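Let us take a walk through this protein together, from its overall layout down to single side chains. Have a look at the fold, then read on.

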Amino acid sequence: VYTEGCLRELTRLMDLSQGSHPNANLEDGAVNLATSRVLYIGDSLFADLVDAKREFGWMTAAVTPEVGEEMEVQQEADYILVERTIEFLLNALRLVQAELGAV
């Protein structure tokens with residue numbers, strides 16, 4: 001378990017040289033990052049999660065506290081009212097467009 005830093009720092013600490021491909025022949029005792037069974041948990045989709053999956057084939061999980069906050073907002077009465085108002089206006093616009101197209 002590694003809980004400090006980012007993907008780049010983790011791979012450096014695991015003794016992966018910057019220029020080598022993950023599937024390259026490794027010296028005895030070195031960790032083959034491409035075949036390691038790793039679950040990489042991060043909080044930045046583009047800074048490290050995509051690279052961990054693409055470069056090493058690791059399973060990834062994202063820590064996204066903003067999703068919980070967004071779910072709470074969507075349950076508020078003001079949000080629901082605005083959402084229904086937008087839906088009503090879009091439907092009215094579609095009806096007007098259909099009527100104009102029929103003329």
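What follows goes from the whole chain to its strands, and then to a few side chains.

Please keep in mind that this is a predicted model. The protein has 103 residues, and 13% of them count as buried. Its secondary structure comes to 4 helices and 2 strands. Starting at the N terminus, you will meet these elements in the order α-β-α-β-α-α.

The two strands are a good place to begin. Strand E1 covers residues 39–42, and strand E2 covers residues 59–62. The two run parallel and are joined by 4 bridges. To get from E1 to E2, the chain passes through helix H2, residues 45–56, and this β-α-β crossover is right-handed. Two positions help you to line up the strands by eye: Tyr 40 has Thr 60 in E2 as its bridge partner, while Gly 42 stands opposite Ala 62, also in E2.

Now follow the side chains along E1, where they alternate. Tyr 40 and Gly 42 point to one face and are buried, whereas Leu 39 and Ile 41 point to the other face and are not. Ile 41 deserves a second look: is this residue buried or exposed? Its relative accessible area is 51%, and because the cut-off for exposed is over 50%, Ile 41 counts as exposed. Ile 41 also takes part in a nonpolar surface patch of about 400 Å², together with Leu 39, Met 59 and Val 63. Both Leu 39 and Ile 41 of that patch are the E1 residues whose side chains point away from the face of Tyr 40 and Gly 42.

Helix H2 offers a contrast to Ile 41. Leu 49 has its place in this helix. With a relative accessible area of 4%, Leu 49 is buried, because buried means under 20%. Where does Leu 49 stand with respect to Ala 61? The two are 12 residues apart along the chain, and their C-alpha atoms are separated by 7.6 Å.

Finally, return to Tyr 40, which we met as a buried residue of E1 and as the bridge partner of Thr 60. Which residues form a cluster with Tyr 40 through ring pairs? They are Phe 56 and Trp 58. The count of aromatic pairs comes to 2. As you inspect the rings, remember that a pair of aromatic rings is described by the distance of the centres and the angle of the planes.

How values were computed: Residues numbered from 1 in each chain as written. Predicted model: local features only at pLDDT ≥ 70, side-chain atom pairs only at ≥ 80, totals over all residues. Heavy atoms only, no water. Phe/Tyr/Trp six-rings, centres within 6.5 Å; stacked < 30°, edge-to-face > 60°. Patch = residues over 30% accessible without salt bridge, like charges linked within 9 Å, V, L, I, M, F, W, Y side chains within 5 Å. Areas by Shrake-Rupley, 256 points an atom, 1.4 Å probe, with all protein chains shown as cover. Salt bridge = Lys/Arg side-chain N within 4 Å of Asp/Glu carboxyl O. Buried < 20%, exposed > 50% of the residue type's maximum accessible area, 1.4 Å probe, protein only. Pairing = 2+ DSSP bridges. Right-handed = clockwise from strand over helix to strand, strands pointing away.
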